[in-house]
Amino acid sequence: GVGLVTATPEQNDVEYLSPVDIGGQTLNLDFDSGSSDLWVFSSQLSTAATTGHTVYDPNKSQSFALIQGATFSISYGDGSGAAGNVGTDTVNLGGATVTKQAVELATAVSQSFVEDTNNNGLLGLAFSKLNTVKPAQQKTFFDNVMPSLAEPVFTADLKKAAVGSYEFGRVDAAKFTGAMTFVPVNTTQGFWQFTSEKFAVGTGAVQTSVAGSQAIADTGTTLILAEPAVARAYYAQVPNAVNDAQAGGFVFPCNSNLPDLMLDIGGTMAKVSGSDINFAQVDAQNCFGGMQATPANLQIYGDIFFKSNFVAFNGGNSSLGFAPH
Ligand SMILES: CC[C@H](C)[C@H](NC(=O)[C@H](C)NC(=O)[C@@H](CCSC)NC[C@@H](N)Cc1ccccc1)C(=O)O
């Protein structure tokens, strides 16, 4: 089979939300290739936490079954997190269906999730080894649905300020231009991870940031978080760009003519359009960069990368395909 759902951006493309049918109830979830838990705002949360949200109520589902004694607790790189208990239900993503999918019911969520009223939970699409359910770890929707898919793949077609899509079971050639390049991913940490050590600014020379530097493809992260050497070299080519601690990173005049950024994905260069690096206005003149330096030693290629690149996640042979779109 094949599943196709829309991916609708929030204000400033901070996140993309997709409709998921769980036991007959439809919730908009943030599909996240950087984690492996499917958790939802549930009727067990306090009213304070659920105001403005759509919640999943297991008591209203004919097909819900509790997993006795199972709990989850997840924390994310931005300091946010969620925790609760676990059951199974039928999960349908635009036609791709799993009958006994682990659905994690939040009984506590961090404030940033409470405030993000468009987001009613996450659907994790990284590798199941990262799933946080105890005592028995659970599988992701993608792992569960893969055997029934025409092809063991899902694709992300995320767009700047426009509705895109996630598709399960096929790579739709109509959604990208040029040739798709596939690279093997390193799954040891549970992410869609690859080597990314080279970069170029505009039409400049290709240079190495840090030999062997790694990156992950993370649809649940808004920006590109790259090696500091990449950020420094890029913004050195943008007149009046400054690293503004108060803004939390590099800012530049909003009318800047931003160069493209080339990043290698497992040895093949991919382009991030300069226009996509103008992320959001921070004051009367200045805008915040869509690519920032990461303090960690793992680069995170988030939605800014996906706006320029159509990406195929192949769970059959653990590879990542990318092409301009
Ligand atoms: C502090 C937590 C560290 C990062 C680590 N957690 C992770 O790596 C988790 C699975 N993944 C994440 O924290 C990040 C990848 C970090 S790379 C180390 N992806 C998921 C994130 N975008 C989900 C999200 C979506 C919307 C709003 C906020 C957060 C852990 O549990 O140890």
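How many nonpolar, polar and charged residues does the lining of the largest cavity have? The answer comes with the first of these close-ups, which show a predicted model.

**Figure 1. The largest cavity and its lining.** Let's start with the enclosed space. Searching the whole structure turns up 1 cavity of 30 Å³ or more, and the largest cavity has a volume of about 40 Å³. By class, 3 nonpolar, 5 polar and 3 charged residues make up its lining. Ser 36, Asp 37 and Leu 38 are in that lining, together with Gln 101, Ala 102 and Glu 104. Gly 124, Asn 131, Lys 139, Thr 140 and Phe 141 line the cavity too. Which strand gives the most to this lining? That would be strand 7 (residues 96–109), with 3 residues.

**Figure 2. The largest pocket.** Next up is an open space. The largest pocket holds about 1000 Å³ of space, and 36 residues line it. If you want to find its centre, look for Tyr 76, Gly 77, Asp 78, Gly 220 and Thr 221, the lining residues that lie nearest to it. Several elements chip in: strand 3 (25–32), strand 5 (65–75), helix 2 (111–115) and strand 23 (291–293) each supply at least two residues of the lining. Sorted by class, the lining of the largest pocket comes out as 16 nonpolar, 14 polar and 6 charged residues.

**Figure 3. The second largest pocket.** Here the space comes to about 180 Å³. The second largest pocket has 16 lining residues, and the ones nearest its centre are Lys 271, Ser 308, Asn 309, Pro 324 and His 325. Strand 20 (268–272), helix 5 (303–308) and strand 26 (319–324) each put at least two residues into this lining. The largest share, 4 residues, is down to strand 20. As for chemistry, the lining of the second largest pocket splits into 6 nonpolar, 6 polar and 4 charged residues.

**Figure 4. Lys 271 and its salt-bridge partner.** Lys 271, one of the residues nearest the centre of the second largest pocket, also has a charged partner. Its side chain meets that of Asp 260 in a salt bridge, at 3.7 Å from N to O. Lys 271 sits in strand 20, while Asp 260 belongs to the loop between strand 18 (249–253) and strand 19 (261–265), so the pair ties together parts 11 residues apart in sequence. Are these two buried or partly exposed? Lys 271 counts as partly exposed, at 40% relative accessibility, and Asp 260 is partly exposed as well, with a relative accessible area of 27%.

**Figure 5. A salt-bridge network around Glu 167.** A search of the whole structure finds 7 salt bridges, and this view picks out some that share partners. Glu 167, Arg 170, Asp 172 and Lys 175 are joined into one network this way. Within the network, the side chains of Arg 170 and Glu 167 meet at 2.9 Å, N to O. Glu 167 also forms a salt bridge with Lys 175, at 3.0 Å from N to O. How do the partners differ in burial? Glu 167 is buried, with a relative accessible area of 2%, and Lys 175 is buried too, at 18%. Arg 170, on the other hand, is partly exposed, with a relative accessible area of 34%.

**Figure 6. Glu 15, a buried acid without a salt bridge.** Now for a charged residue with no such partner. Glu 15 lies in the loop between strand 1 (3–9) and strand 2 (16–22). What is the nearest side chain of opposite charge, and how far away is it? It is Lys 307, 13 Å away, and Glu 15 is buried yet has no salt bridge. What Glu 15 does have is a polar contact: its side chain is joined to that of Asn 119 at 3.2 Å.

**Figure 7. Leu 258 in its loop.** The last view goes back to the loop between strand 18 and strand 19, where Leu 258 is found. Asp 260 lies in that loop too. Leu 258 counts as buried, at 11% relative accessibility, whereas Asp 260 is partly exposed. For a sense of scale, take Phe 41: Leu 258 and Phe 41 are 217 residues apart in sequence and 39 Å apart in space, C-alpha to C-alpha.

Key. Residues numbered from 1 in each chain as written. Predicted model: local features only at pLDDT ≥ 70, side-chain atom pairs only at ≥ 80, totals over all residues. Heavy atoms only, no water. 1 Å grid on protein atoms, 1.4 Å probe; cavity = no way out; pocket = protein on both sides within 12 Å on 5 of 7 lines; lining within 4 Å. Points joined across faces, edges and corners; volume = space filled by probe spheres on them. Nonpolar A, V, L, I, M, F, W, Y, C, P; charged D, E, K, R; others polar. Buried < 20%, exposed > 50% of the residue type's maximum accessible area, 1.4 Å probe, protein only. Lys, Arg positive; Asp, Glu negative; His and termini not counted. Salt bridge = Lys/Arg side-chain N within 4 Å of Asp/Glu carboxyl O. Polar contact = N/O pair within 3.5 Å; in protein donor to acceptor, adjacent residues only side chain to side chain.
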